[in-house]
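Subject: Model handover

Hi,

Here is the model we talked about. Please look it over alongside the notes below.

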Amino acid sequence: MNKRKLAVLAAVGSLAIAACGGDDDTAESTNVATSGSTAEPSAEATSGEMSSTSADSGAAADAGGDVTVRWRTRPDNDAEAQVYATISDEIDAANGDAVTLAYEPGTTDGANYQDQLVTEAANGTAPDVFWVPGSDIARFQDAGLILDLGPMAEADGFDTSSFYQETMYHLTFDPEAGEPGAKLWGLPRDVSTFALYLNNDLIAEAGADDPRALAEAGEWDWAALVDVATKVADLGGENKGFAMDAWWGPQGYFLNAAGGSFFNADRTECALDTPEAIAGVEEMQTIFSGDIAVPYGESGEAPWKAGTVGMFMNGRWATPGARSDADFNWDVVQLPTGPGGTQGNWLFWGAYVVNAKSEHPEAAWELVQALTTNEIQAEISELGANIPSRQSDAAIEAFLGFNPPANNQAFIDGLQDSPTAEGPLWVGSWPEYSTVMGDGISAVLNGERTLDDYAANICSETAVAFEG
Amino acid sequence: MTIVGDAVDFGESIRARTAEPDHDLGVSIRVLAVWHVVGALACAAGVMLARRGGEAELPWMPKYALLGFFSAALVANVASAYGVSARTRWARPTSLAVNYLVAVVGATTTLHLFDAYRSIGSLGDGLYKAFLPFLVVCVGMIWVLVAGQLLANRPTASGPLLLRKAGWSLTAVAFVWFVVAANPSGLIDTVGRSITRPLTLGALALTVGASLATRLMWSRAAARHFGTSRSTQEALTGLAFLSPNLFGFLVFFAFPLLFSLVVSFFDWETTNTSREFIGFGNYVRALSLDVSGASRANAGTEVLKPGYQVLMNLDWLGQHWVLGARDVEFWLSMRNIMVFLVLAVPLAVLPGLVLSSVLASKLPGMKVFRAIYFVPSVAGVIGVSIIWGQMFDATIGWINYLLDLVGLSSPGQGHGWLTQRSTALVSMVVVFAWMNFGFNTILYLAGHQAIPKELYEAAEIDGANVWQIFRRITVPQLRNTTFYVLITTSIMALQLFDIVWILSRPAPGGPNNATLTPVLTLYQEAFANNSQGYASALAWVLFIVIFGFTSVQFRQQRDQATSGGLS
């Protein structure tokens, strides 16, 4: 063999060693496991350990640990992705080496995360466990992409009572029966609500009342919101009083707070044309046509971070960004009460589900349980991006202790004021419905469509979402 | 080497070939024939399995794909076996093709079974851990190679000998260090696990066997044995050089292209395995329109056929009309892209034409400007779009800020360039033109080089002014370049996706479908609505549009050329 060939062979060999030698201790793939004794029932599990009640993981352990369970979440930023990677390591470290966990941070880019997952799941390459937003549970279930965990949960005696029941309503929903049943499509990762992120400096400069004080006094309503926003906008220049991003969440707040809703009670028909729902759109129209808000459709977060917006509506997930980028005095306040008598807040949630094509469903189910224990949730809460999905005092304490913002209680208050749970559309297509609805509202707020025309036609336009 | 007719026998004539069999190859050739017989039997088994589907009935498409594949392989193997045994002239190319393809497929499969592709992801991690020793290994190998070059000129020189020894020593030590640092337990585990699987062993054996057969048939002895002609040998050599690119083309371009055509005739959803053949159903759905008279302006779907949505309302000939479509979004996207095409192409082409005339001059600093104008073309489209998105921002964007400075807008009253339907598409036009005119300028500059300088000199002597020279000489002389620039820019415009994906607000295609494009529509159909069949049909409709548009331009160009318009 000549030297050139030898050199090439050596180089290739080295690369092969490097390629296969890198698996052992990378951050995202660590040996972890389900082995160990059959511990307490999962219902009582509070640590991050994965119990080894599953047949296949046990068998895998016997076979020498050949099971890899891949899992994925959609983090909102790199810091959050790192937290999940660390948690993956910790769950691994708390267990043996029969199962290898491989954490794959998903894209942070909204709907693309789900679209990619659907394609992967349909082609059998999706992770064993993945997170999906609550509004997409029905889409994944209807396509047969996620596993019904009910039988395994029942066998384990798993108790779901400590999770927010609004989330469990949808996660146990039986589409055939049309009501919650013995199904279990997953466990909620976390929950979140909306609040208004305040630029206290700007509000004070405008001489407006402090929204937190107004909320404390029970005077924080739509009129007060418009008043504060107007005073901030009156400062002139680039300053605006209010901003929100253009998607169904902020739109829905106004509808909910006015006493309306996207759907009828059993979510089988459009309810966008009810007087209450129209009142919500009308309020948005008032705000966005009055030069007191960042134009509808424009990003609200960037100008708020730039210090030119008094109030910006967003969820808890915006907190890490606010902490890192806002160099002014800021805090949060609960959403103002609408004519409907409540905040009309959302209970945003997403769930860990198991891939229907997973080769290790029981190990995956154990991972789902491990990822939703009190300890793990408290750890994630300390990052400040989310509220635990279990109603645990300890986890809530951890969440409240994450400052700034000082007024973390605003998010918790949103949870306690009859929030509407982000929900899938079990009959119909939510992506289609939300697109048509969003276009309709957007046209009204941008002055391209009259409110009357919207009210007269929006439900016939969204009917396409309920067809087929 | 003697040449007899078209045959080259590398030292022997065809007559010698027939008269004196190559005894050196005798055994190998017989083994090769057996190899092909075994291959034929395996393919026959494959055909049987594909027909019966094994334990579970295969869906018809993979079933017929496998049947076709195994049948073709069966025929090729039978032909090769016969040809090799009978020493026919065509046996060598046939056997070579079969074995080469089998070797490539086998190697690919073997690597897959060894989990090699997934390990590529770990390559970075492994190298990161053991980068320093890897570097030292490389240095050692370089010393060895350099020493080898030096020794080739001065075989007895002591310096190179010493360098070679040092290189080997360094390499050996560093390699051990590297192995320890990289910890190849993963590799050992993987190899150990995989090599014991019958499927892996089978794939490995297939790869080795086919590789050996390929090598045998590629040899000069085999060429002599089968009397390969010079032209055939040249063709085989050419194909061998082409094969990597050919494989890439066939696997990653031709196959997906044809596959998408097949898929377009099915009700093919990502999440639904029962894929029903619906003929031209997807095409009919995309292209269906309905026109109805209405008794009032702005009538709704009630006047249209069931399943149709309102595309637009018209008042024409004293009558209200409603134009409906089954897929309104597709037609809106077609309307948008035509508007975009009409606006964006001139904006991307004409400045390039004018600018190239300036940059072609000998003025000082022109090279710097050429580079500057080319920068947008090489900048990443995503990054550029994000920056433009910030510039277009209504409240904190630079464009509104500049308009404020010159008094065309008021602070806080900035226009929502991307959020208003009236300007959203135009904003995309601006970004597209900005990104492409630089490249077009470079193409025009290249065209300028081919214009004879005498034409300009003669025009100047005749007293032509700058505009006349530009109009009468530059533009006609650049007609071929203009044709190319127009075609490529138009195709890029019709395929618009990335800029819209990043820039449009509040969601891709917004506001209210004002920036929806055909490619965006088919992407959303494929990946958001999971309708792969319908999305494929849309892709082919778009292809036909682009093909038709390009054909018309080609025809015009040809007509101008034949009528003497082309200089």
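Start with strand 3 (residues 99-105) of chain A. This strand is mostly covered, with six of its seven residues buried. Keep in mind throughout that the model is predicted.

Strand 3 of chain A has a parallel partner. That partner is strand 2 (residues 67-73) of chain A, and seven bridges join the two. One pair to find on screen: A:Arg70 has A:Ala102 in strand 3 of chain A as its bridge partner. Helix 3 (residues 78-93) of chain A belongs to the picture too. Together with strand 2 and strand 3 of chain A, helix 3 makes a β-α-β unit, and the unit is right-handed.

Chain A overall

Chain A has 468 residues, and 58% of them are buried. Its secondary structure comes to 20 helices and 14 strands. Take the contacts in chain A with a separation of 6 or more: 76% of them come from residues 24 or more positions apart.

The cores

The largest nonpolar core holds 80 residues. Which of them touch the most other members? They are A:Trp71, A:Phe130, A:Ile137, A:Tyr197, A:Trp304 and A:Trp365. Helix 15 (residues 361-371) of chain A gives the most to this core, namely seven residues. Another core lies apart from it and has 57 residues, including A:Ile203, A:Met311, A:Val444 and A:Cys459.

A:Phe130 is worth a click. Beyond its neighbours within four places in sequence, its contacts include A:Arg72, A:Tyr113, A:Leu117 and A:Phe140. A:Leu145 and A:Ile146 are also among them, as are A:Ala351, A:Tyr352, A:Val353 and A:Asn355.

A four-stranded sheet in chain A

An open sheet in chain A has four strands, ordered 9-10-8-11, with mixed pairing. Its edges are strand 9 (240-244) and strand 11 (330-333) of chain A, each paired on one side only. On average, neighbouring strands of this sheet are turned by 25° against each other, direction ignored. Helix 10 (residues 222-233) of chain A packs on the sheet and touches strand 8, strand 9 and strand 10 (309-315) of chain A. The direction of helix 10 makes about 120° with that of strand 9 of chain A.

At the strand 11 edge, the pairing is with strand 8 (residues 194-199) of chain A: antiparallel, over four bridges. Within that pair, A:Leu198 has A:Asp331 as its bridge partner in strand 11 of chain A.

A three-stranded sheet in chain B

Now chain B. Three strands form an open, antiparallel sheet there, in the order 5-7-6. Strand 5 (289-294) and strand 6 (309-316) of chain B are the edge strands. Neighbouring strands of this sheet are turned by 25° on average, direction ignored.

Strand 5 of chain B is joined to strand 7 (residues 319-325) of chain B by six bridges. Two pairs mark the register. B:Ala294 has B:His320 as its bridge partner, and B:Leu289 stands opposite B:Ala325.

On the other side, seven bridges join strand 6 of chain B to strand 7 of chain B, again antiparallel. B:Leu314 has B:Trp321 in strand 7 of chain B as its bridge partner. These two strands form a hairpin with two residues between them, and B:Leu317 takes a positive phi near 55° in that hairpin.

Helix 13 (residues 328-359) of chain B lies across strand 5, strand 6 and strand 7 of chain B. Its run is at about 55° to strand 6 of chain B.

Two residues to check in chain B

First, B:Thr419. Where does B:Thr419 lie in chain B? In the loop between helix 16 (398-405) and helix 17 (421-449) of chain B. Is B:Thr419 buried or exposed? It is buried, because its relative accessible area is 1%, under the 20% cut-off. Its side chain makes a polar contact of 3.2 Å with the side chain of A:Glu298. Neighbours within four places aside, B:Thr419 is also in contact with A:Tyr296, A:Gly297 and A:Asn446, among others. From chain B, its contacts include B:Arg505 and B:Pro511.

Next, B:Gln532, in helix 23 (residues 532-562) of chain B. Its relative accessibility is 19%, so B:Gln532 counts as buried; the limit is under 20%. The side chain of B:Gln532 reaches the backbone oxygen of B:Ala526 at 3.3 Å. Residues up to four places away in sequence aside, B:Gln532 touches B:Val263, B:Trp268, B:Glu269, B:Thr270, B:Ala526 and B:Phe527.

Best wishes

Technical notes: Residues are numbered from 1 along each chain as its sequence is written. Chains are lettered from A and ligands numbered from 1 in the order in which they are written. This is a predicted model: local features need pLDDT of at least 70, side-chain atom pairs count only at pLDDT 80 or more; totals for chains, interfaces and linings use all residues. Side-chain values use heavy atoms; hydrogens and water are left out. Buried means under 20% relative accessible area, exposed over 50%, partly exposed in between (1.4 Å probe, protein chains only). A polar contact is a pair of N or O atoms within 3.5 Å; within protein, one must be able to donate a hydrogen and the other to accept it, and residues adjacent in sequence count only if both atoms are side-chain atoms. Contact means heavy atoms within 4.5 Å. A nonpolar core is a set of buried Ala, Val, Leu, Ile, Met, Phe, Trp, Tyr and Cys residues joined through side-chain atoms within 4.5 Å. Two strands pair if DSSP finds at least two bridges between them. A crossover is right-handed if, with the strands pointing away from the viewer, the path from the first strand over the helix to the second runs clockwise. Axes are lines fitted to C-alpha atoms, for helices over the stretch in contact, and angles run from 0 to 180 degrees between N-to-C directions.
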